[in-house]
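Welcome, and thanks for taking a look. Please have the sequence and the model open side by side as we go through them.

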Amino acid sequence: MNTSVRLWLCWASLMVLSLGTVWSGAAGVVVLLAMVKGWVIVDGFMELRHGPWKWRVAMLGWGLVVLAGIVGLSA
């Protein structure tokens with residue numbers, strides 16, 4: 001896929017996900033959409049899909065660490 005098309009699709013999906021977080025207002029949905037947005041940013045814009053797996057695991061794992069912290073603090 002052309003790089004500019006792929007980046008445009010990443011941007012468009014981030015816009016839709018951002019609108020979804022605003023419209024939903026439910027805490028669980030907001031966190032889930034934020035995790036998906038993080039995945040789109042890491043794989044799409046940062047292009048770690050083709051990078052070293054350790055960096056990809058670290059970047060995607062950070063979202064899980066934040067999610068675990070939020071769940072742990074809210075329980």
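## A question to start with

Does Met59 count as buried, partly exposed or exposed, and at what relative accessibility? This is a predicted model, and in it Met59 sits in helix α3. Met59 counts as partly exposed because its relative accessibility is 32%, and buried would require a value under 20%.

Met59 also belongs to a nonpolar patch on the surface, whose members have about 1,200 Å² of accessible area together. Its companions there are Met1, Val5, Trp8, Leu9, Trp11, Met15, Ile41, Phe45, Met46 and Trp55. Helices α1, α2 and α3 are the elements that give two or more residues to the patch. The largest share comes from α1, with five residues.

## The overall picture

Let's step back to the whole chain. The protein has three helices and zero strands, so reading from the N terminus gives the order α-α-α. Its C-alpha trace spans about 45 × 30 × 10 Å along the principal axes.

Of the 75 residues, 16% are buried. The protein exposes about 5,400 Å², and carbon and sulfur atoms supply 77% of that area. If we take contacts between residues at least 6 apart in sequence, 44% of them join residues at least 24 apart.

## The nonpolar core

Next, the interior. Five residues make up the largest nonpolar core: Cys10, Leu14, Leu17, Leu33 and Val40. Both α1 (3–24) and α2 (27–45) supply at least two residues of this core, and α1 has the largest share with three.

Leu14 is a good residue to follow from here. Beyond its neighbours within four places in sequence, Leu14 is in contact with Lys37, Val40, Ile41 and Phe45. Val40 is a fellow member of the core, while Ile41 and Phe45 are part of the nonpolar surface patch.

## Two salt bridges

How many salt bridges does a search of the whole structure find? There are two. One of them pairs Glu47 with Arg6, with the closest N and O atoms 3.0 Å apart. This pair links distant parts of the chain: Glu47 is in the loop between α2 and α3 (53–74), Arg6 is in helix α1, and they are 41 residues apart. Glu47 is partly exposed, with a relative accessible area of 34%, whereas Arg6 is buried at 16%.

The other bridge joins Asp43 and Arg56, and here the closest N and O atoms are 2.7 Å apart. Asp43 in helix α2 and Arg56 in helix α3 are 13 residues apart, so this pair too links distant parts of the chain. Arg56 is partly exposed, with a relative accessible area of 29%.

## A closer look at Asp43

Is Asp43 buried or exposed? Asp43 counts as buried because its relative accessibility is 5%, where the cut-off for buried is under 20%.

Asp43 has further partners in its surroundings. A polar contact of 2.8 Å joins its side chain to that of Trp39. Leaving aside neighbours within four places in sequence, Asp43 is in contact with Leu48, Arg49 and Arg56. Arg56 is thus listed among these contacts and is also the salt-bridge partner of Asp43.

Notes:
Residues numbered from 1 in each chain as written. Predicted model: local features only at pLDDT ≥ 70, side-chain atom pairs only at ≥ 80, totals over all residues. Heavy atoms only, no water. Helix = DSSP H or I, 4+ residues; strand = E, 2+ residues; numbered from the N terminus. Buried < 20%, exposed > 50% of the residue type's maximum accessible area, 1.4 Å probe, protein only. Contact = heavy atoms within 4.5 Å. Areas by Shrake-Rupley, 256 points an atom, 1.4 Å probe, with all protein chains shown as cover. Core = buried A, V, L, I, M, F, W, Y, C linked by side-chain atoms within 4.5 Å. Salt bridge = Lys/Arg side-chain N within 4 Å of Asp/Glu carboxyl O. Polar contact = N/O pair within 3.5 Å; in protein donor to acceptor, adjacent residues only side chain to side chain. Patch = residues over 30% accessible without salt bridge, like charges linked within 9 Å, V, L, I, M, F, W, Y side chains within 5 Å.
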